[in-house]
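Open your viewer and get the selection tool ready. We will go from stop to stop, choosing something to select and then looking at what is there.

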Amino acid sequence: MQNEELLASQNELYETKAKLENSLEKYTRLYEHAPCGYITLDQRNTIVEANHMAGTLLGVSKDRLTGENITTFIAPEDQAKALEHYKKARESRGMQISKLKVHNRALGETYILLETTTDHAGTIS
């Protein structure tokens with residue numbers, strides 16, 4: 001009887017693992033191919049993760065975004081506004097929305113609508 005219970009538990013674990021892997025794959029595809037740019041920043045406003053559209057909006061490949069400070073891409077006249085935006089997002093833990101001018105390395109300056117949320121650790125998305 002004990003072997004049957006172990007086999008049943010093992011099968012259940014395999015099924016759960018397969019469901020989790022499928023779910024991860026699905027949400028990774030949704031994130032990567034979203035029609036809007038997603039960027040995750042650490043406490044120092046360094047980009048730790050970005051999707052394909054974020055790279056397109058900023059005129060660089062998404063792989064080149066990782067490790068860069070977000071202010072690198074914000075127009076000088078909007079950098080103080082951006083830093084205040086991030087500060088408010090971290091303090092309020094709520095949604096913050098700002099319009100910012102950014103440098104698209106391929107097209108020049110453009111405007112983006114920045115919508116920001118913060119998790120419990122202060123990481124900005």
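**First stop: Lys88**

Select Lys88, which is partly exposed at a relative accessible area of 41%. On the scale used here, buried means under 20% relative accessible area, exposed means over 50%, and partly exposed is in between (1.4 Å probe, protein chains only). Lys88 belongs to helix α4, residues 79-92. Helices (H or I, at least four residues) and strands (E, at least two) are DSSP runs, numbered from the N terminus. Now show the contacts of Lys88: leaving aside neighbours within four places in sequence, Arg93 and Gln96 are what you will find. Contact here means heavy atoms within 4.5 Å. For a sense of distance, draw a line from the C-alpha of Lys88 to that of Leu20: the two residues are 68 apart along the chain, and the line is 35 Å long.

**A word on the model**

You are looking at a predicted model, in which local features need pLDDT of at least 70 and side-chain atom pairs count only at pLDDT 80 or more, while totals for chains, interfaces and linings use all residues. Residues are numbered from 1 along each chain as its sequence is written, and side-chain values use heavy atoms, with hydrogens and water left out.

**Zoom out: the whole chain**

Switch to a cartoon view and colour by secondary structure. How many helices and strands does the protein chain have? There are four helices and four strands. Followed from the N terminus, their order is α-β-β-α-α-α-β-β. The protein chain is more spread out than a compact globule, because its radius of gyration is 20 Å, well over the 14 Å that the globule rule gives for 125 residues. That radius is taken over C-alpha atoms, and the rule is 2.2 Å times the number of residues to the power 0.38. Turn the C-alpha trace along its principal axes and you will see spans of about 70 × 35 × 20 Å.

Colour by burial next: buried residues make up 31% of the 125 in the protein chain. Of the contacts with a separation of 6 or more, 37% are between residues 24 or more positions apart.

**Second stop: the β3 and β4 pair**

Select residues 96-104 for strand β3 and residues 108-116 for strand β4; the two run antiparallel and are joined by nine bridges. Two strands count as paired if DSSP finds at least two bridges between them. Look at the turn: a hairpin of three residues links β3 to β4. Then select Lys101 and look across to its opposite number in β4, Tyr111.

Stay in β4 and pick Leu114. Is Leu114 buried or exposed? Leu114 is buried, with a relative accessible area of 15%. Beyond its neighbours within four places in sequence, Leu114 is in contact with His85, Tyr86, Gln96, Ile97, Ser98 and Leu100. For contrast, draw a line between the C-alpha atoms of Leu114 and Leu7: these residues are 107 apart along the chain, and the atoms are 50 Å apart.

Step past the strand to Thr118, in the segment after β4. Thr118 is buried too, at a relative accessible area of 12%. Its C-alpha lies 7.7 Å from that of Met95, 23 residues away along the chain.

**Third stop: the β1 and β2 pair**

Select β1 (39-41) and β2 (47-50), with Asn45 in the loop between them. The strands are antiparallel, with three bridges joining them. Ile39 has Ala50 as its bridge partner in β2.

Now centre on Asn45. The hairpin has five residues between the strands, and Asn45 has a positive phi near 65° there. Most residues other than glycine have a negative phi. Asn45 counts as buried, at 9% relative accessibility.

**Last stop: Ile70**

Select Ile70, in the loop between α3 (62-65) and α4. At 8% relative accessibility, Ile70 counts as buried. Which residues does Ile70 touch, not counting those up to four places away in sequence? They are Ile39, Leu41, Asn45, Ile47 and Tyr86. Show them as sticks and you will meet Asn45 from the previous stop again. To finish, draw a line from the C-alpha of Ile70 to that of Glu49: these residues are 21 apart along the chain, and the line is 11 Å long.
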